[in-house]
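Student: I have a new model open and I'd like to learn how to read it. Can we go through it feature by feature?

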Amino acid sequence: MTTLETEGATEAGEAATPMSPSARLRRRVGLRPRPPGHGDRRRWAAPLRSPGLLAAYLWIAVILLAAIHPGLFAAGDPLRQDGSQILLAPGADHLFGTDDFGRDQFTRAVWGTRLSLQAAVVAVAIGLVSGSLIGLVAGALRGRADSILMRIIDIMLAVPSLIVSLAIISALGRGTLNIAVAIGINSTAGFARLMRSEVLKVSNAKYVEASVFAGHGYVRRLFKHVVPNASRSVLAAATMDIGTAILTVAALSFLGLGAPPPTPEWGLLVAEGRTFIGVQWWLSLLPGLVIVLTVLAVYRVGRSFNRGRTRVVA
Amino acid sequence: MSSPEVPSTERVSSSAPGRQSTPLLRLRDVSAEFTVPGRAPVPVLDGVSLDVEAGSIRAVVGESGSGKSTLGRVVTGTLPENGRVTAGEVVLGGRTLTGLSERQYRAVRGKEIGYIPQDALLGLNPLLPVGVQAAEPLRAHGVGSRAERRERVLDLFAKVGLRDPARLYGRHPHELSGGMCQRVLIAAAMSTRPRLLIADEPTTALDVTVQRTILDLLSELVESEDLGILLITHDLGVAAERADEIAVVKDGRIVRGGRTGEVIADPGDPYTEDLLRSSSLGFSGRQAAAHRLEYARTVPADSPVVVEAKEVGKTFTSRASRASRPFRAARSGPDTVTAVAGASFQVRRGTTLGIVGESGSGKTTLVRILAGLTPADSGTVEIDGEPVVHHRRGAGQAALYRKVQMVYQDPFASLNPRSTVRAILDEPLRGHRYGTAQERARRITELLEVTGLPAELADRYTAELSGGQRQRVAIARALAPRPDVVVLDEPVSALDVTVQRQILALLDSLQRELGLTYVFISHDLGVIAEVSDEIVVLQHGHIVERGPALGILTEPRTDYVKELLASIPGAAAPGPAAEARHDAAVLTPHDPAVLVGPGRSAATERTT
């Protein structure tokens, strides 16, 4: 009965009763309130209760560690060739086998993590920042600026992204960073659209209108009330986008637009292995699986951000 | 019948001679609980017993969180997944409902029990024509052919008072007003000729005038169809006016039950008394206005004019009106809609101007022009002699907002969910350059104190606060820059009646202490009567009556005002009996207007 009484008292006498952050929401949607403090505990326990999410977090932790400190997982040199150990099958010595130069494929996959991940994060960061800015300006200014910006975005969306990427890379030259820039420019349009619609939605909220009474300037109100509330779904979309970016980076590297051959890079590893795919299938498949697992893990975590009231920005 | 509520059951059967003695719906010792993972189950209903007779209305009254909605859901068998009935039985016309499987329940729900939800707009699918939705229960239970169903729905639409049913059949919910949507839902609930209707706060989201017509409709249906209605409401005024019997629920228990007249005459329980005091039962405009006059006498008659509106007019073109004001557009033609026309008024310092009218009467547009949120097409508004200017991004309006502040209707929407209370209160202080950090912190403590909020609330997010507490935060925010004028846009209509009382009392005491000037808008003349010195009545954008509150309340000149007066929930019902009045007089001895006066409700206000 205690929870009920607490609730009644809060409404009637407005006694100061501690309530978990989600309790009011739960009440509004007609659910019973949770006991105080329960919500916080739940947020911590959420990954633990869902094994899939837990695994995703663990995998991302491993990948990040490999990116920061590859020597921890594979002490060897990813470029060292060994003529006596060409095209070995996966085994205890060589987890992913060896390639046609006798290089350890596992070592190469581990050392390639940094470059692939870097490219994906840079790509998303470019898209997120430029897209959000364009969307924010369009949504906040409305009128003619909005029309012009959005038509430009429409044009960007109308041209196939692969062709845009190829054009950008041929202009900038090959290299993983240039791939990242190309992908970033491509994903700008999506972020801009999302941000604009969120800004329009949040701008209609009563608390944004009410903030005019506080006497602050427009830009300050925009960044205090509109941006934090609009950015939640944009940031959730960005986490999802990292997965897509990893895939695209790998795809463009596979096409030979990324780093030049001796460099270990996930997409390149898959590409190099394709010559032997009929017999030494592991050369392409195992790095490919690493890519798949990483993308899935990022998606899973992104999805958990997107659901419910999880705060992406505190 | 060896139930705990034997007396009430006896009264029921004696009061309805000629009817069958077994009630239509019978709940006996029903208990329900909700399970929360990792914790002991929370009981929500605790041994509830009540009856609903055919051809009568049984009201279940209680505050938010009292378990009254759960009671309705137990009957319809739609408890959420974590809820279950632990004891007791629900019997509908001789058939025990408790323990039915979901499959069996589906044959009962919608066919023998109709359900009317609270929010009419949320209760309808925006993508489907209303006619199709009203026929949904018929289709679900496989009644009749497509053409027959249409026929029946058109019949029902006429019966629930919708004009031109054939045209309405294909309309979508957004083309209808809130009251019309609620009528459609009632038609849907009635389509299968149920014997019992569960109405869960059917009118809370509606204007008082619409509320009255909807409640009239329900009363008619009870008469003509021999329906039994379980009416769930937070307003004892509504219950007293409409119900034959009342059950007051608190913490899942019935604390007072019986015939309506008896409950009103002798609440016999502090909670029921509280609800009774909070309702507008026995509302008297003269008393309310007379009570207000006592305060008005303390304001000098030559007090300076703070707000002056001259011939303010605003017209919306059809594009704007279709986008944001569909109902108004539907009412006055497709091309242009006059929101406000030629509105002139003055407000003197320290007094309250009440603006009253139905939705779509233009009152919100008028105050938005007043606060510089919407530009006026014609006319001017001056505050403290300075003309009010409008800018879409609020540029150059900071000086205006040092003098004018606003409190919005819905405290859930008007506070940023990502800010703590402290941040919300600090914002206007910073914006209007209120001293150093320490001075601001002191002012925040002060603001929390004057609005009756505990100091430790400062570092909470608003999501953790109740509706009443949120509205207090909104008021504190408005008071922060020490404004002269506070515009109150329906500040209490989203709240429970008991909380309404507390907020009105707070506003009243703040006005007395700080000498504030209020512009108060509401659709409820009962609320306006309590707070206003002068009243302006708006209808379709035109001022139809204006003047001192007492004059308008006691001698209404137009039918519109008479209708507004008659719509005050509970006003038509007889007021509390002599002893209740006496009881009240003990609380505030010198106050003749004890029934609805703010001074009276101060007694229920808890000083936190």
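Student: Is B:Gln502 buried or exposed?

Tutor: One thing before we start: this is a predicted model. To judge burial, count the other C-beta atoms within 10 Å of the residue's own; 20 or more makes it buried. B:Gln502 has 25 of them, so B:Gln502 is buried.

Student: Where is B:Gln502 found?

Tutor: Look in helix 21 of chain B, which covers residues 497-514. You can also relate B:Gln502 to another residue, B:Pro165: they are 337 residues apart along the chain, and their C-alpha atoms are separated by 43 Å.

Student: Let's try a whole helix. How many residues of helix 18 of chain B are buried?

Tutor: Here you go through the helix residue by residue. Helix 18 (residues 421-431) of chain B is mostly covered, with eight of its eleven residues buried. Among them are B:Ile424, B:Leu425, B:Leu429 and also B:Asp426 and B:Glu427.

Student: And what do those buried residues pack against?

Tutor: Three helices of chain B: helix 17 (398-403), helix 19 (437-450) and helix 20 (467-479). While you're there, look just after helix 18 of chain B, where B:Arg433 takes a positive phi of about 55 degrees.

Student: Now a sheet. What is the order of the strands in the open sheet of four strands in chain B?

Tutor: Read across the sheet, strand by strand. The order is 12-11-14-15, and the pairing is antiparallel. At the edges sit strand 12 (336-348) and strand 15 (386-387) of chain B, each pairing on one side only.

Student: How many bridges join strand 11 and strand 12 of chain B?

Tutor: Nine, with strand 11 spanning residues 305-317. For one bridge to find on screen, take B:Val305, whose partner in strand 12 of chain B is B:Arg348.

Student: Which strands does helix 16 of chain B touch?

Tutor: Helix 16 (residues 363-370) packs on the sheet and touches strand 11, strand 12 and strand 14 (378-383) of chain B. The direction of helix 16 makes about 125 degrees with that of strand 11.

Student: Over to chain A. Which residues does the UniProt annotation "domain: ABC transmembrane type-1" cover?

Tutor: An annotation comes from a record, and you can then look at the model over that span. This unreviewed UniProt entry gives residues 113-302 of chain A. In the model, that span is 82% helix and 0% strand, with its end C-alpha atoms 20 Å apart.

Student: Which residues does UniProt list for "transmembrane region" in chain A?

Tutor: The unreviewed entry lists several spans, including 117-141 and 148-169. Residues 117-141 of chain A are 100% helix, and their end C-alpha atoms lie 35 Å apart. For residues 148-169 of chain A, the values are 91% helix and 27 Å.

Terms used:
Residues are numbered from 1 along each chain as its sequence is written. Chains are lettered from A and ligands numbered from 1 in the order in which they are written. This is a predicted model: local features need pLDDT of at least 70, side-chain atom pairs count only at pLDDT 80 or more; totals for chains, interfaces and linings use all residues. UniProt positions are given in the numbering used here, feature names are shortened, and annotations may be inferred rather than shown by experiment. Helices (H or I, at least four residues) and strands (E, at least two) are DSSP runs, numbered from the N terminus. A residue is buried if 20 or more other C-beta atoms lie within 10 Å of its own, exposed if 12 or fewer, and partly exposed in between; C-beta atoms are placed from the backbone. Two strands pair if DSSP finds at least two bridges between them. Two residues are in contact if their C-beta atoms, placed from the backbone, lie within 7 Å. Axes are lines fitted to C-alpha atoms, for helices over the stretch in contact, and angles run from 0 to 180 degrees between N-to-C directions.
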